Structure formats: structure tokens, C-alpha cells
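Dear colleague,

I am passing on the structure below, together with some notes on what turned up when I went through it. Please read the notes with the coordinates open beside them.

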Amino acid sequence: MKCTRCRAKAEVELRSHNAGFCRPCYLFYFRRQVERAIAAEHMFTHEERLLVAVSGGTDSLALWDVLAEGGYRTTGLYLGLGIGTYSDRSHDKAVKFAEQRGLELRVVSLREEGPGLAVPDIAAATRRVPCSACGTMKRHYFDTAALAGDFDVLEDLTQAESLECLRKAVSALPEAYREVVVLCELEEMPYLEAAAVLKCSPGTIASRLARAKAMLKTKLRVQGCVR
Ligand SMILES: [Zn+2]
């Protein structure tokens with residue numbers, strides 16, 4: 001197969017895109033895809049400071065690399081989970097990666113945060129599977145590190161667990177409020193159209209939506225889904 005961009009020998013084949021790329025063209029393509037996604041989703045700007053949580057694995061380090069190369073203001077965050085030699089190895093990888101590129105890396109070690117805070121200890125104490133304990137601990141420490149370093153915290157509602165929380169919270173809203181959330185937020189219907197559907201004024205839509213969001217926020221916070 002030949003590179004879709006330059007016709008050299010392709011090293012990577014992307015069947016889903018019906019394309020193939022040589023090494024330099026793949027990097028070009030990958031970086032451009034990331035830039036486009038950041039712009040399309042209005043994720044962040046070059047002025048904002050980004051705290052990139054890295055595990056030491058290839059996915060998160062590739063993300064950090066592409067953001068730093070793209071000129072974003074990044075700081076890495078490595079959370080030492082205290083899972084034996086696995087944690088030591090991933091720590092070394094993250095440190096080496098940062099050193100090679102002259103990037104700032106913050107390291108938080110759960111074991112040093114307090115006795116019994118390493119993931120295996122938490123899993124044993126709460127009798128939950130390690131992945132569950134790990135996910136909860138990570139989210140807490142990511143938020144804490146972001147707030148302490150004065151980063152903007154993006155609510156992480158992409159986790160399946162959080163989405164489930166949100167779904168439950170929405171379905172528990174009183175009907176009049178649930179309707180506006182579904183129409184205006186989930187279906188992204190303009191207030192005027194939603195007002196016509198629900199046979200009330202756009203002002204009522206706006207105030208119900210504001211009230212519904214406040215109720216959701218409280219509910220999610222009480223359940224520990226968001227800060
Ligand atoms: Zn090429």
C-alpha cells in the first residue's frame with residue numbers, strides 16, 4: 001500500500017478511513033486530526049494552562065506529546081498508584097518522557113499522601129475491585145492537583161460511571177424540568193422551538209432550564225459524581 005499523501009510506502013494503514021500513511025505523513029495527519037477535534041469541540045485555547053494526567057503508558061504520553069508539540073501550555077501529572085513494580089516502571093517512563101522534552105511533570109504518590117491510600121489498600125478496605133477504587137482515587141487527585149495548581153477543571157462526565165449518574169439524575173427530575181433538559185440540552189433545541197413544543201413562553205423555558213441545572217448540580221454533587 002502507498003501513502004495517501006505522498007505515495008511513498010505506507011507504514012500505517014487506516015482501514016476505517018480507507019487511507020494509508022508513511023511515518024512523517026501519519027504524524028502530520030494525526031496532529032491535524034487532534035487540532036481539528038480541539039477546535040470543533042472548543043476544548044481549550046493556546047492561552048489556557050492544561051494539566052495532562054499521564055499514566056506512563058503510550059496513550060497518555062502520545063496525547064501529552066501532541067499537545068506540547070502543538071504549542072499548548074501543558075504540565076504533566078503523574079499519580080503514583082502504589083501498585084508495586086508496575087507503578088515504578090510507569091513512573092520512570094513518565095519522568096524520562098518529561099525530561100527528554102523539557103516539560104514540567106508533577107508527581108503525586110498515593111503512598112506518600114497518607115497510610116493506606118495506595119490502590120491495593122483502598123481496594124482491600126472498601127472491598128471494591130481495584131479498578132473501581134483506582135478510578136475514584138484518580139478522579140479525586142486529578143481534581144485536587146488541578147485546583148491546587150490553579151488550572152481550570154473540566155468536569156469529567158465522559159466516564160461511563162458519571163454518564164450513568166447523570167442519566168439517573170435527569171430521569172429523577174420533576175417532569176416539567178426533565179422536559180426542558182431533554183429538549184434544550186440533549187436535543188439542543190432553541191428556546192423558541194422548545195417553547196412552542198411545551199406550549200409556554202421562552203422565558204419560562206429559560207428559567208426552568210436554569211432551575212433544572214441547579215437541581216442536577218446539587219444532585220450530582222451529593223452523589224459524589226462531580227465536585
Ligand atoms: Zn507520506
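A residue is called exposed here if 12 or fewer other C-beta atoms lie within 10 Å of its own, buried if there are 20 or more, and partly exposed in between. Lys199 has 7 C-beta neighbours inside 10 Å and therefore counts as exposed. Please bear in mind throughout that this is a predicted model.

Backbone angles

Most residues other than glycine have a negative phi. Against that background, Lys199, although not a glycine, has a positive phi of about 55°, and its place is in the loop between helix 9 (191-198) and helix 10 (202-222). Arg7, which is not a glycine either, has a positive phi of about 70°; Arg7 lies in the segment before strand 1 (12-14), and because it has 10 C-beta neighbours inside 10 Å, it is classed as exposed.

Surroundings of Ala53

The other residue I looked at is Ala53, which belongs to strand 3 (residues 49-54). With 19 other C-beta atoms within 10 Å, Ala53 is partly exposed, since a residue is buried if that count is 20 or more. Once its neighbours within four places in sequence are left aside, Ala53 is in contact with Ser60, Leu77, Leu79 and Phe142. Ala53 and Ala146, for their part, are separated by 93 residues in sequence, while their C-alpha atoms are 9.9 Å apart in space.

With best regards

Key
Residues are numbered from 1 along each chain as its sequence is written. This is a predicted model: local features need pLDDT of at least 70, side-chain atom pairs count only at pLDDT 80 or more; totals for chains, interfaces and linings use all residues. Helices (H or I, at least four residues) and strands (E, at least two) are DSSP runs, numbered from the N terminus. Two residues are in contact if their C-beta atoms, placed from the backbone, lie within 7 Å.
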